Structure formats: C-alpha cells, structure tokens
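The following note sets out a colleague's reading of the structure, arranged as numbered points. Please keep the sequence and the model in view while going through them.

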Amino acid sequence: DRTVTKMWESQLLASTSRKLTEAEQYFEDLKAQIDYERKKLQKSIDDDTGDSSTSNGSSPRSDSHNFENGKHILLNYLKNHIDKEDLFEIRDYLNDRNNCGQIYYMLSDGCILCRFFAKKVPIGKLNVAMVSPKNREQNWMLLLGAFSVAEIKVPDVKVEALVSGDMIQILTIIWEIVKKCLEYEVKQCTTYLRNFFNYNLFKHDFTTWDLDTILLGWASEICKNRGVDHRVISVENDFRSSSVYIVLLDEALGTGVSLVAVADEIRKAEEVILTAELLDRGPLITLEGIINGVYWQNCMLLSSIFVSAATMSF
C-alpha cells in the first residue's frame with residue numbers, strides 16, 4: 001500500500017508545468033512545516049539525550065498546556081467558529097500563523113471570546129448584552145463566571161493577565177472553550193456511542209462521562225478489536241507511538257495500517273499529520289504534539305477522528 005505522503009506527492013507532481021492550486025500549495029507548505037518540526041524535534045531529542053545529568057534517553061516531556069508550538073491550531077478553530085462580524089475585526093491578525101502576536105491584544109478586551117463562548121457553550125448562560133469593549137475587566141469576570149456555571153476550571157487564569165493580552169492566558173481560555181465544544185460534538189453522536197459500546201457494557205449513562213473517558217474507551221476498544229497490543233489509558237502518554245492513531249484513522253477513513261510496523265516513530269507521526277488533513281477540519285496536531293504527548297493537541301485529533309468515524313458509520 002502506498003503511504004499518504006506518496007499519494008499527495010503523486011497528485012502534486014501530476015502536472016509540474018502549471019501553477020500550484022491553493023490546496024496543493026497548502027500541502028506543500030504543510031510538508032515544509034513538518035520537515036521543520038522534524039529537525040527541531042530531533043535536535044531537542046539529541047540535546048536531551050546528550051545531557052546525562054537530566055535525561056533517560058527519551059524525548060522531552062511537554063507540559064499539558066504547552067501552547068507555544070501549535071497555537072495556530074487554536075486560532076484556526078477560533079477563526080472557523082466565531083461570528084462573521086468578529087472575524088472581520090481580527091482576520092488580518094489570524095492569517096499569518098508565524099506573526100500573530102497582535103491577535104492577543106485584539107482579544108484582550110474579552111468581547112470576542114465572550115461572544116464565542118455564549119454561542120458555543122449556551123449552558124454557561126453568559127449574557128452578551130452586558131459585554132462592552134469599555135469594560136475589559138468586567139468582560140473577563142463575566143466569562144470566568146460563565147466558566148464556573150459550565151463547570152470549566154481555570155485556576156491559573158488571572159484577569160489582569162487577560163486584560164494585558166498575555167498569550168498563554170488567552171490561549172488557555174480559547175482551549176477550554178474549544179474542549180467544551182469538542183465534548184458536546186462527541187456526545188451528540190449518541191447512536192454511534194450506544195452501538196459502539198453496546199450500552200450494556202457500562203453501568204452509567206455515557207452522557208455523564210467526561211471527554212477523556214469517552215475517547216480513551218473508544219480508542220481502547222478499537223485497538224482491542226484490531227489486535228493492537230497497546231494500552232490506551234492516558235491521552236498524554238499512550239499516543240506517542242503513532243500506531244494507535246494509524247489504526248484509528250483507518251477505522252474512520254479506511255486509509256490503511258501498513259505503517260504500524262514501521263519502527264521510525266517520527267516518520268509515523270508525520271504520516272498521521274498528513275492523513276489527518278483528510279478529516280477536513282483544519283490543523284489538529286503538530287509533530288511535537290504527538291511525540292511529546294501534548295494533551296490538548298491529542299484531544300483535538302482524537303475528537304476529530306471519533307466524529308469522522310461516527311459520521312462514516314451511517
């Protein structure tokens with residue numbers, strides 16, 4: 001079986017005499033970005049391995065909310081889900097993912113993220129009529145209060161940091177909203193969930209489970225059914241080997257599992273990133289996100305594969 005990379009390459013090389021289409025240029029840029037991430041990640045691994053006082057020879061551990069590498073993923077989700085009026089206001093700051101520092105200042109009054117939350121998480125009961133660009137601190141207080149109603153916990157977020165446009169704090173807010181959106185989307189696949197889990201295998205209603213429980217239970221059952229000898233009990237730790245992702249993507253898209261036997265984990269992770277483009281949900285994970293087990297990125301990819309598998313099952 002040809003790998004996804006070869007499939008893309010054959011399409012791109014089919015006509016070298018014409019200018020690349022927007023889609024073809026996108027995949028060329030994606031391949032270049034993956035190549036850059038591979039070199040950066042390999043250097044990080046080599047440096048970590050070379051430090052005998054701190055390393056055990058494994059790749060460096062990423063914090064579960066490491067947003068520095070991959071922030072474009074959250075900003076892309078925001079771009080695709082906010083109202084058109086809000087998008088018009090910030091779109092010029094979202095287009096270049098390598099130069100998006102100004103976007104955090106644009107979001108620092110809290111107005112756009114309040115409206116984003118109210119639109120996507122109605123359970124929070126945020127009254128957008130009370131939101132005003134003149135009341136920056138009040139906007140964030142309203143949003144954090146709505147977070148509490150929706151049972152979203154952000155103990156490390158500070159209003160003063162949000163008002164000042166702190167990148168990590170604002171990305172934390174965006175991620176928590178995105179995660180709640182993903183949870184709603186997954187739980188809406190009720191027929192698929194009941195059929196997949198046979199409903200009697202568990203004592204309580206799956207609608208009471210958190211997102212991690214659903215995704216890990218689903219991935220674990222697929223691995224078991226496919227004969228994959230790999231435990232799946234942690235979003236952060238158990239997807240660093242891309243074999244599980246390759247099997248899950250095949251379940252959702254029928255893309256094949258020939259790469260499971262490949263020993264090079266970085267190569268397999270690259271293939272997962274390329275294959276994930278077939279989900280048509282924008283960027284979902286980086287090379288570092290897979291190899292180092294970045295929690296939020298793995299959550300985004302797992303949720304997207306799950307929803308695609310549920311959709312394709314009908």
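1. The buried residues of helix 6 pack against helix 3 (71-81), helix 4, helix 5 (101-107), helix 7 and helix 9. In this predicted model, the residues of helix 6 that are buried are Cys 111, Ile 112, Leu 113, Cys 114, Phe 116 and Phe 117. An α-helix has 3.6 residues a turn, so residues three or four places apart point the same way.

2. Arg 115 also belongs to helix 6 (residues 111-120). Its relative accessible area is 28%, and because buried means under 20% and exposed over 50%, Arg 115 is classed as partly exposed. Its side chain forms a salt bridge with Asp 86, with the closest N and O atoms 2.8 Å apart. Asp 86 lies in helix 4 (residues 84-94), and the pair links distant parts of the chain, 29 residues apart. Unlike its partner, which is partly exposed, Asp 86 is buried, with a relative accessible area of 5%.

3. Which residues does Asn 139 touch, leaving aside those up to four places away in sequence? The contacts are Asp 109, Gly 110, Cys 111, Cys 114, Met 130, Val 131, Ser 132 and Pro 133. Of these, Cys 111 and Cys 114 are among the buried residues of helix 6. Asn 139 itself is found in helix 7 (residues 136-149). With a relative accessible area of 0%, Asn 139 is buried, because it falls under the 20% limit.

4. The count of aromatic pairs comes to 8. In one of them, the rings of Trp 175 and Trp 296 have centres 6.1 Å apart and planes at 55°, so the pair is tilted: the angle is neither under 30 degrees, as for stacked rings, nor over 60, as for edge-to-face rings. Trp 175 is in helix 9 (residues 167-187) and Trp 296 in helix 15 (residues 295-312), so that this pair links distant parts of the chain, 121 residues apart. Both Trp 175 and Trp 296 are buried.

5. A further aromatic pair joins Trp 218 and Phe 306, with ring centres 5.2 Å apart; their planes stand at 75°, so this pair is edge-to-face. Trp 218 lies in helix 11 (residues 211-226) and Phe 306 in helix 15, so the pair ties together parts that are 88 residues apart in sequence. Trp 218 and Phe 306 are both buried. Returning to Trp 175 and Trp 296, ring pairs join these two with Phe 67 and Tyr 295 in a cluster.

6. How many salt bridges does the whole structure hold? A search finds 9. Besides the one at Arg 115, a salt bridge connects the side chains of Arg 281 and Glu 185, at 3.0 Å from N to O. Arg 281 lies in the loop between helix 13 (265-276) and helix 14 (287-291), whereas Glu 185 is in helix 9, so the pair ties together parts that are 96 residues apart in sequence. Arg 281 counts as partly exposed at 25% relative accessibility, and Glu 185 is partly exposed with a relative accessible area of 25%.

7. Glu 251 and Arg 226 meet through their side chains in another salt bridge, at 3.2 Å from N to O. Glu 251 lies in helix 12 (residues 243-253) and Arg 226 in helix 11, so parts that are 25 residues apart in sequence are tied together by the pair. Glu 251 is partly exposed, with a relative accessible area of 34%; Arg 226 is partly exposed too, at 36%. Together with Asp 250, these two residues are linked in a network of salt bridges.

8. The structure holds 0 disulfides. Two of the cysteines may be noted here: Cys 223 is buried, with a relative accessible area of 1%, and Cys 299 is buried, with a relative accessible area of 0%.

9. As for the protein overall, there are 15 helices and 0 strands. Of its 314 residues, 50% count as buried. Among contacts between residues at least 6 apart in sequence, 62% join residues at least 24 apart. The accessible surface comes to about 16000 Å², and carbon and sulfur atoms account for 49% of that surface.

Terms used
Residues numbered from 1 in each chain as written. Predicted model: local features only at pLDDT ≥ 70, side-chain atom pairs only at ≥ 80, totals over all residues. Heavy atoms only, no water. Disulfide = S-S within 2.5 Å. Buried < 20%, exposed > 50% of the residue type's maximum accessible area, 1.4 Å probe, protein only. Phe/Tyr/Trp six-rings, centres within 6.5 Å; stacked < 30°, edge-to-face > 60°. Helix = DSSP H or I, 4+ residues; strand = E, 2+ residues; numbered from the N terminus. Salt bridge = Lys/Arg side-chain N within 4 Å of Asp/Glu carboxyl O. Contact = heavy atoms within 4.5 Å. Areas by Shrake-Rupley, 256 points an atom, 1.4 Å probe, with all protein chains shown as cover.
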